[in-house]
Amino acid sequence: SSDVCSSDLPIFPDPSDASRRDLRDVALVTIDGADSKDFDDAVYACKTDKGYRLQVGIADVSHYVKTESALDLEAYERGTSVYYPQQVIPMLPEVLSNGLCSLNPEVDRYALVCQIEFNLKGEVQHFEFYTGIMRSHARLTYDQVNIHLEGGDLPPNIAKLPSDKQTPVLDSIRALSERSEERRVGKECRS
């Protein structure tokens, strides 16, 4: 469709855009399957004085696809991307799905973010949604993360991050996962 982007919108994120939080220094990472081509979500977690903070960023497709536009209506009709062994039929044009809305490492992107504050027990204390400009700091695979969470080496893709951001991200994700599992098991035992 020629209706890919509204001509009055900047194609690349404008860091001076005061309506968006600048998250480019937050070590958000994508975690997807090894053969994934579109990276539409990224996570960051860290320990805080009161517990943990989790930030989940997703590509802000709405910045490029306006409601009721021809592209929006076509995407609505498709409903989702379809993956075949030798072919992908994307819901959105490739310039968006694998380009402007793909959270590739070291590239600024518009994002919608959910930030959640947890206490030390893993209970949600506060959450908020906002728009931001982010930069994925590493592309990780599920296998790499699982190996690390099970006591293995740090994924090579994350080893390039500043040392103060390497293990805190995955260790905080591990801690939140453990708290979540403890809460789930505790609820099952009380049922």
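Which residue in β7 is the bridge partner of leucine 54? The answer is isoleucine 116. This pair is a useful place to enter the structure, which is a predicted model.

Begin with the overall layout. The chain contains nine strands and five helices. Followed along the sequence, these elements come in the order β-β-β-β-α-β-β-α-β-β-β-α-α-α. The chain has 191 residues, and 42% of them count as buried. Its exposed surface is about 11000 Å², of which 53% is supplied by carbon and sulfur atoms. Contacts can also be sorted by how far apart the two residues stand in the sequence. Among contacts between residues at least 6 apart, 65% join residues at least 24 apart.

Now return to the strands. Leucine 54 belongs to a pairing between β4 and β7, which is antiparallel and runs over nine bridges. Strand β4, residues 51–59, also pairs with strand β3, residues 41–47. That pairing is antiparallel too, with seven bridges. Within it, alanine 42 stands opposite glycine 57 of β4. The link from β3 to β4 is a hairpin of three residues.

Another pairing has the opposite sense. Strand β2, residues 29–32, and strand β9, residues 138–141, run parallel and are joined by four bridges. Here valine 29 has alanine 138 in β9 as its bridge partner. Strand β9 is covered on both faces. Ala138 and Leu140 are buried on one side, and Arg139 and Thr141 are buried on the other.

Valine 29 leads from the strands to the interior. The largest nonpolar core has 43 residues, and Val29, Leu96 and Leu140 are those with the most contacts inside it. Strand β7, residues 108–119, gives the largest share of this core, namely six residues. What does valine 29 touch, leaving aside residues up to four places away in sequence? Its contacts are Asp41, Ala42, Val43, Ser136, Ala138, Leu140, Ile158 and Val169. One of these, Ala138, is the bridge partner already met in β9, and another, Ala42, is the residue opposite glycine 57.

Nonpolar side chains also appear on the outside. Val82, Tyr84 and Ile89 form a nonpolar patch on the surface, with about 240 Å² of accessible area together. Tyrosine 84 is part of strand β5, residues 82–84. Why does tyrosine 84 count as partly exposed? Its relative accessible area is 46%, and the partly exposed class lies between 20% and 50%.

The charged side chains come next. Side chains of opposite charge can pair when their charged atoms come close. The model has eight salt bridges by the rule used here, a side-chain nitrogen of Lys or Arg within 4 Å of a carboxyl oxygen of Asp or Glu. One of them joins arginine 21 and glutamate 128, with 2.8 Å from N to O. Arginine 21 is in strand β1 (residues 21–22) and glutamate 128 is in strand β8 (residues 124–135), so this salt bridge ties together parts that are 107 residues apart in sequence. Both partners are partly exposed: arginine 21 has a relative accessible area of 35%, and glutamate 128 has one of 23%.

A salt bridge between aspartate 108 and arginine 24 has its closest N and O atoms 3.4 Å apart. Aspartate 108 is in strand β7 and arginine 24 is in the loop between β1 and β2, so the pair links distant parts of the chain, 84 residues apart. Are these two residues buried or exposed? Aspartate 108 and arginine 24 are both buried.

Strand β7 takes part in a further salt bridge, through glutamate 117. The partner is arginine 53, and the closest N and O atoms are 2.7 Å apart. Because glutamate 117 lies in β7 and arginine 53 in β4, the pair ties together parts that are 64 residues apart in sequence. Glutamate 117 has 16% relative accessibility and therefore counts as buried, whereas arginine 53, at 27%, counts as partly exposed. Finally, some salt bridges share partners, and in this way Asp22, Arg24, Asp108 and Arg135 are joined into one network.

Terms used
Residues numbered from 1 in each chain as written. Predicted model: local features only at pLDDT ≥ 70, side-chain atom pairs only at ≥ 80, totals over all residues. Heavy atoms only, no water. Core = buried A, V, L, I, M, F, W, Y, C linked by side-chain atoms within 4.5 Å. Buried < 20%, exposed > 50% of the residue type's maximum accessible area, 1.4 Å probe, protein only. Helix = DSSP H or I, 4+ residues; strand = E, 2+ residues; numbered from the N terminus. Contact = heavy atoms within 4.5 Å. Areas by Shrake-Rupley, 256 points an atom, 1.4 Å probe, with all protein chains shown as cover. Pairing = 2+ DSSP bridges. Patch = residues over 30% accessible without salt bridge, like charges linked within 9 Å, V, L, I, M, F, W, Y side chains within 5 Å.
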